[in-house]
Amino acid sequence: METYTIEVEDKKCVISKPDRKVMGLVLPKLFPMLGDEKQDMLGAGEIILKTCWVSGDEEIRTVDEYILAASLQCVSLIEMKTASIKKN
């Protein structure tokens, strides 16, 4: 399991790399379709933080200032590959 450490001031937590299921929850928040929703980077990061949490200081999950900082860092874990499609 690939893991990452997030540090917020004097607090730390470890999260696992988001899998496809987590990405399915996160991507609609980052790339809303048809104007139904607005982009929600914080919400996307919170999903990753909550679902991929392995261990760490509880303040990161319970104190708003820590949640905000850690959630925004979680969004940086999203890696998109470039793909293309051609008609045959």
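**Notebook: one chain, then Trp53**

I began with contacts in this predicted model: of those in the chain with a separation of 6 or more, 58% join residues 24 or more positions apart.

Next I looked up the elements. I found four helices and three strands in the chain. Reading from the N terminus, I wrote down their order as β-β-α-α-β-α-α.

Then I checked the overall dimensions. Along the principal axes, the C-alpha atoms fill a box of roughly 55 × 30 × 20 Å.

I turned to the surface. The chain exposes about 6600 Å², and I noted that carbon and sulfur atoms supply 53% of that area. Of the 88 residues, 32% count as buried.

Charges came after that. I listed 12 positive and 15 negative side chains. The centres of these two sets lie 12 Å apart.

Finally, I picked one residue to follow, Trp53. Where does Trp53 lie? I found Trp53 in strand 3, which covers residues 53–56.

Is Trp53 buried or exposed? Its relative accessible area is 14%, and the cut-off for buried is under 20%, so Trp53 counts as buried.

Which residues is Trp53 in contact with, once I leave aside its neighbours within four places in sequence? My list reads Cys13, Val14, Ile15, Ile48, Glu58, Ile60 and Arg61.

I looked again at one name on that list, Ile15. Trp53 and Ile15 are 38 residues apart along the chain, yet I noted a separation of 4.5 Å between their C-alpha atoms. That pair was a nice one to end my page on.

Key:
Residues numbered from 1 in each chain as written. Predicted model: local features only at pLDDT ≥ 70, side-chain atom pairs only at ≥ 80, totals over all residues. Heavy atoms only, no water. Helix = DSSP H or I, 4+ residues; strand = E, 2+ residues; numbered from the N terminus. Buried < 20%, exposed > 50% of the residue type's maximum accessible area, 1.4 Å probe, protein only. Contact = heavy atoms within 4.5 Å. Areas by Shrake-Rupley, 256 points an atom, 1.4 Å probe, with all protein chains shown as cover. Lys, Arg positive; Asp, Glu negative; His and termini not counted. Charge placed at Lys NZ, Arg CZ, Asp CG, Glu CD.
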